[in-house]
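Student: I have not met this structure before, and I would like to understand how its features get their names. Could we go through it together?

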Amino acid sequence: MLKLPIYLDNSATTPMDPRVLEQMVPYFHEKFGNAASRSHSFGWVTEEAVDYAREQVAKLINADAKEIIFTSGSTEANNLALKGVFEMYASKGNHIISVTTEHKCILDACKHIEKLGGSYTLLEVDDQGMIDLKELEAAITDKTILISVMYANNEIGVIHPIKEIAAIAKKHNVLFHTDATQAAGKIPIDVQEDGIHLLSMSAHKMYGPKGVGCLYVRRKNPRVKVTAQMDGGGHERGMRSGTLNVPGIVAFGAACEINAKEMYDDAARLSKLRDKLENALLKLEESYVNGKRDSRMPHITNISFKYVEGEGLMMAFNKDIAVSSGSACTSASLEPSYVLKALGLGDDLAHSSIRFSLGRFTTEEEIDFTIKKLTDAVNRMRDISPLWEMFKEGIDISTVEFKPH
Ligand SMILES: *Cc1c(COP(=O)(O)O)cnc(C)c1O
């Protein structure tokens with residue numbers, strides 16, 4: 001039996017895997033010790049659990065356990081990476097390179113660094129959402145200390161050429177950080193093979209709980225350090241103070257271990273379902289996939305439906321299907337998605353875009369329902385759309401001004 005509403009917003013957050021929840025529960029009440037309490041068994045038990053989780057997390061990305069700095073999630077990990085490198089390597093330079101389509105926390109950290117006297121360059125992307133590696137290399141100056149490019153984009157799912165970017169960073173003796181929040185646990189990541197120096201990930205995007213994540217900080221070839229952004233007890237090798245979130249960390253570890261085993265089957269199954277959804281929706285006239293289709297996460301598709309008013313479209317189905325939209329109505333700002341605009345989409349296409357992100361618990365039945373519901377909704381919206389009528393009559397819409405509100 002199909003249960004409504006259907007959740008297709010796994011890029012915003014995932015439900016926890018019940019197997020992860022089960023492992024986490026004892027650490028709230030039976031095994032509640034402070035992992036930093038060295039003088040009694042309550043602390044020893046949780047310290048051991050944290051050590052074990054650190055191994056599980058490290059293994060997912062082929063890192064060493066000592067290289068994992070637990071944080072409250074990716075926002076904190078990204079802030080620690082950028083601001084921590086900026087402070088630690090101040091004698092070397094003060095310039096950071098990133099990309100216009102990064103998550104807000106990266107962009108805002110760059111702005112903060114500028115206020116502190118640093119500078120940054122944001123690379124633009126092409127109409128597929130990809131950066132130009134020659135532009136990246138040309139942006140490096142003798143003041144550049146860090147390149148930060150996300151592994152996979154959260155809105156359109158495109159995967160950046162991480163290995164090539166790392167090679168450019170290495171050639172110029174610059175550190176390379178990647179926000180791997182959307183990729184970790186979904187596709188294989190190998191920090192050794194890829195040449196990554198710093199990497200952020202978050203448990204709640206990979207079937208773990210909210211409020212826990214980590215920053216991977218390389219310890220060898222080269223040895224990387226970041227300046228702590230909070231003062232305190234000097235936990236996490238002095239890079240992140242604060243009593244460890246033991247239940248969260250145990251669950252993060254468990255989620256990583258399950259993902260390491262199951263990501264291949266998940267990806268194969270979900271890419272089939274994603275393609276089924278995408279191909280069916282592309283049968284609608286004037287619908288377009290946003291982002292480079294052959295370099296994408298297996299479970300994400302972002303589609304614009306031209307000549308459809310985005311907010312109206314959402315209202316036509318969001319009682320039954322949960323997705324994200326590039327339209328203003330889902331965000332605090334009134335601007336449509338800055339990521340889609342960076343690809344060169346006009347306001348109309350950005351407003352009428354929908355991100356479908358599938359997950360481990362998505363079923364084929366749910367996808368079939370979504371195809372039907374969306375097809376009906378788009379057709380119905382167009383039936384009452386004056387823009388669609390004009391398009392059908394061959395009027396050049398680009399000469400008509402679009403007013404979103
Ligand atoms: C969700 C997300 C973040 C923020 O992660 P939190 O753990 O929720 O703070 C950062 N970057 C990307 C790409 C994300 O998708």
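What follows is a conversation about how values and definitions fit together.

Tutor: This is a predicted model, in which local features need pLDDT of at least 70 and side-chain atom pairs count only at pLDDT 80 or more, whereas totals for chains, interfaces and linings use all residues. Residues are numbered from 1 along each chain as its sequence is written, and side-chain values use heavy atoms, with hydrogens and water left out.

Student: What makes S2 and strand S8 a pair?

Tutor: Strands are DSSP runs (E, at least two residues), numbered from the N terminus, as are helices (H or I, at least four residues). Two strands pair if DSSP finds at least two bridges between them; S2 and strand S8 (residues 213-217) have four bridges, in the antiparallel sense, so they meet that rule. Within this pairing, Ile68 stands opposite Tyr216 in S8.

Student: Why are strand S2 and strand S4 called edge strands?

Tutor: The open sheet has seven strands in the order S2-S8-S7-S6-S5-S3-S4, with mixed pairing. Strand S2 (68-71) and strand S4 (119-123) each pair on one side only, and they are the edge strands.

Student: Which residues are closest to the ligand?

Tutor: A residue is near a molecule if one of its heavy atoms lies within 4 Å of it. The ligand is surrounded by 13 residues, and the closest are Thr75, Asp179, Gln182, Ser202 and Lys205. The largest share of this shell, three residues, comes from helix H4 (residues 74-88).

Student: How do you know that Gln182 makes a polar contact with the ligand?

Tutor: A polar contact is a pair of N or O atoms within 3.5 Å. An oxygen atom of the ligand is 2.7 Å from an N or O atom in the side chain of Gln182, so the pair satisfies the cut-off. For Lys205, too, an N or O atom of the side chain is 2.7 Å from an oxygen atom of the ligand.

Student: Why is the pair of Tyr207 and Phe361 called edge-to-face?

Tutor: Rings of Phe, Tyr and Trp (its six-membered ring) pair if their centres lie within 6.5 Å, and planes under 30 degrees apart count as stacked, over 60 as edge-to-face and the rest as tilted. The ring centres of Tyr207 and Phe361 are 5.9 Å apart and their planes stand at 90°, so the pair is edge-to-face. By this rule the count comes to six aromatic pairs.

Student: What makes this pair a link between distant parts of the chain?

Tutor: Tyr207 lies in the loop between strand S7 (198-202) and S8, while Phe361 lies in the loop between strand S13 (353-357) and helix H13 (364-383), and the two are 154 residues apart.

Key: Polar contact = N/O pair within 3.5 Å; in protein donor to acceptor, adjacent residues only side chain to side chain.
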